Amino acid sequence: MGQIEWAMWANEQALASGLILITGGIVATAGRFVQWYFGAYSIAAGVFICLLEYPRGKRRKGSTMERCGQKYMTAVVKLFGPLTRNYYIRAVLHLLLSVPAGFLLATILGTVCLVIASAIYLLAAIRGEQWTPIEQKPKERPQVGGTIKQPPTNPPPRPPAEVRKKPSEGEEAGAAAGGPQINPIPVTDEVV
Amino acid sequence: MGNWLVNHWLLVLILVVWLGLNVFLFIYTFLTYEMSDKYYYTREILGTALAFARASALCLNCNSMLILIPVCRNLLSFLRGTCSFCSHTLRKPLDHNLTFHKLVAYMICIFTAIHIIAHLFNFEHYSRSQQAMDGSLASVLSTLSHPEKAGNSWLNPIQSPNTTVMYVAFTSIAGLTGVLITTVLILMVTSAMEFIRRNYFELFWYTHHLFIIYIICLGLHGLGGIVRAQTEESMSENHPHNCSESYQKWGTHESKCKHPHFEGHPPASWKWILAPIALYIFERILRFYRSKQKVVITKVVMHPSKVLELQMRKRGFSMEVGQYIFVNCPSISLLEWHPFTLTSAPEEDFFSIHVRAAGDWTENFIRAFEQQHSPMPRIEVDGPFGTVSEDVFQYEVAVLVGAGIGVTPFASILKSIWYKFQRADHKLKTQKAGHAAFNFDKATDILTGLKQKTFFGRPMWDNEFSAVATAHPKSVVGVFLCGPQTLAKSLRKCCHRYSSLDPRKVQFYFNKENF
């Protein structure tokens with residue numbers, strides 16, 4: 001179990017807890033249960049937790065599956081720097097957030113699940129894990145040249161095809177024109 | 001679409017029957033609790049939430065019964081084997097057992113949510129009517145326990161205005177087991193998410209064994225008899241239709257109506273889950289027994305990019321293409337079983353797996369064999385368990401696409417095709433099979449072992465598909481993928497694009513196998 005990144009599971013658990021808090025909160029508020037204001041708190045806390053936990057962190061090894069549309073929240077979560085990167089802080093935060101919801105039966109399930117998530121985050125923090133944002137890769141250019149397996153080694157202007165093709169078998173040895181073209185005078189493109 | 005339906009009609013039927021069963025059970029129970037007279041007084045306090053809670057409870061019982069059955073993989077394999085004379089369309093549902101297991105799990109989650117929300121309202125209503133001073137029927141009913149406490153014929157579990165719902169929840173068997181069961185369910189679900197399961201299998205494996213707590217709590221959940229109905233005897237003295245209006249006069253000389261008496265139900269969940277539990281215990285005993293059978297390792301090959309091939313033999317082992325086994329290595333971990341696709345063909349006299357280093361257990365496993373200690377570490381094998389690869393042989397032209405370690409099921413298929421061809425097996429329709437293999441290792445090529453890669457970059461699927469379509473203008477082509485979802489999307493698109501509108505011309509059928 002040495003290679004398990006506990007933060008990944010803690011993240012799933014915290015996200016689930018957030019949803020449960022929201023649901024319990026809605027039930028308590030809509031039903032005007034006794035002490036329903038804890039339910040209202042629960043909804044707010046649940047929304048906050050869901051937003052915080054939605055962007056998945058990057059795995060240490062291997063590729064990470066992003067959640068759909070997480071890049072917007074990633075940008076926001078990244079802004080808080082060490083507050084969101086450090087899992088000790090997250091563990092404490094979740095523990096504190098869970099306490100008020102524990103006063104109401106409708107939301108106590110959310111409390112229990114959030115406490116468990118907090119414990120797993122604590123374990124992750126002890127093992128030195130951190131939240132790293134998943135960066136956007138630069139968009140791949142369209143693969144227009146994908147089928148070109150042997151791109152031409154000469155820059156333009158290139159001699160006509162027949163002259164190029166003849167020594168193409170020995171292309172490994174060097175380009176037909178004996179290396180890349182070196183322009184004696186710098187050439188500029190004069191497009192109006 | 002039509003072709004898919006012909007192949008999958010039994011799956012669709014099973015799904016429809018299962019959904020129909022859930023709908024029927026829910027509605028039937030809902031109407032019972034909503035309309036029946038013996039719950040009239042209970043409904044007076046609780047309202048419709050009672051019916052919702054009970055209906056979802058019955059569906060939960062039913063689904064909890066069903067969820068254990070698809071994971072009895074040895075028994076399913078046995079069923080598969082005894083049905084070998086059935087067409088493979090009939091056996092297909094057995095291969096989708098894990099999908100069904102997940103569907104049932106989702107249904108359990110949905111009904112759990114309904115059940116909990118309904119009971120939250122129930123508790124709240126009980127609490128309110130206990131505290132109500134307005135002399136309504138509900139408050140009269142709530143005070144019923146006081147004279148009759150010895151007779152145990154109360155209706156409202158909240159006996160005093162000072163008792164909070166929280167207190168009742170955590171001091172009643174139903175409440176305590178309810179919180180525990182739901183917590184355990186949530187833990188099982190979060191650790192079973194695809195992302196966690198694929199990357200940290202051991203976490204999923206161990207956490208999922210919390211189902212034992214789930215089953216125990218489910219059996220105990222109904223012990224308190226909190227849901228109460230009016231007794232038959234009481235209905236004759238105090239029928240709701242006659243007596244509900246005159247509740248202020250119950251038990252007095254002016255009225256014939258006595259106070260109503262109530263009784264709780266005995267727990268019913270155990271009746272639903274007893275048989276599957278027995279089946280599952282038998283399944284685990286069977287797995288244990290099979291794992292104790294001796295496995296002889298005949299050959300160990302270390303491939304480049306840290307892939308280990310193990311060739312083994314076991315008495316009585318017989319497999320089909322694309323099946324998988326579970327492997328346990330006691331010297332690495334006593335309790336963990338990891339699944340691997342079989343890469344050998346059924347025609348060979350051994351069976352083999354290719355193991356890639358993907359986590360703790362696999363890395364330790366590979367290291368144990370690399371060190372070449374003698375004797376070799378003992379391993380235990382459970383399986384083989386079925387998948388749907390036989391379809392490959394039904395197509396004239398098959399295109400098999402494997403990514404990374406996803407080439408393994410196709411290794412088995414290709415070898416089998418070769419053997420069948422050699423032995424002129426008439427059942428083999430495949431005349432031509434093309435294989436595209438990806439590998440992600442930067443240094444060497446997994447197929448040829450040379451530094452020069454077999455393919456440079458990703459194939460241009462459009463080119464490949466149009467080449468196949470041109471070469472086989474009148475054939476039915478099966479495209480099989482074992483790889484990532486993104487690849488599945490592009491291949492599916494190409495299949496649609498290159499299938500001719502004329503059904504007599506080339507048709508591409510896409511099959512994604514989840515191994």
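**Chains A and B: a chat**

Tutor: Let's start with residues 209–227 of chain B: the chain there is 53% helix and 0% strand, and the end C-alpha atoms are 31 Å apart. Keep in mind that this is a predicted model.

Student: What does UniProt list for that part of chain B?

Tutor: The unreviewed UniProt entry lists residues 209–227 of chain B under "transmembrane region", along with 6–33, 45–69, 103–123 and 165–189.

Student: How much helix is there over residues 165–189 of chain B?

Tutor: That stretch is 96% helix with 0% strand, and its end C-alpha atoms sit 28 Å apart.

Student: Switching topic: how many residues does each chain bring to the contact?

Tutor: Chain A brings 35 residues and chain B brings 32 residues. Between them the two chains bury about 3,000 Å², with 73% of that on carbon and sulfur atoms.

Student: And how many salt bridges cross the interface of chain A and chain B?

Tutor: The rule finds one. A:Lys61 pairs with B:Glu363, and their closest N and O atoms are 3.4 Å apart.

Student: How many residue pairs are in polar contact?

Tutor: There are nine between chain A and chain B, counting pairs with both residues at pLDDT 80 or more.

Student: Which helices of chain A supply at least two residues to the side that touches chain B?

Tutor: Helix 1 (6–30) and helix 6 (105–126) each do. Helix 1 of chain A gives the most, with nine residues.

Student: What kinds of residues make up that side of chain A?

Tutor: The side of chain A that touches chain B has 20 nonpolar residues, nine polar and six charged.

Technical notes
Residues numbered from 1 in each chain as written. Chains lettered and ligands numbered in written order. Predicted model: local features only at pLDDT ≥ 70, side-chain atom pairs only at ≥ 80, totals over all residues. Heavy atoms only, no water. Contact = heavy atoms within 4.5 Å. Buried area = accessible area lost by both parts, 1.4 Å probe. Salt bridge = Lys/Arg side-chain N within 4 Å of Asp/Glu carboxyl O. Polar contact = N/O pair within 3.5 Å; in protein donor to acceptor, adjacent residues only side chain to side chain. Helix = DSSP H or I, 4+ residues; strand = E, 2+ residues; numbered from the N terminus. Nonpolar A, V, L, I, M, F, W, Y, C, P; charged D, E, K, R; others polar. UniProt positions renumbered as here; feature names shortened; annotations may be inferred.
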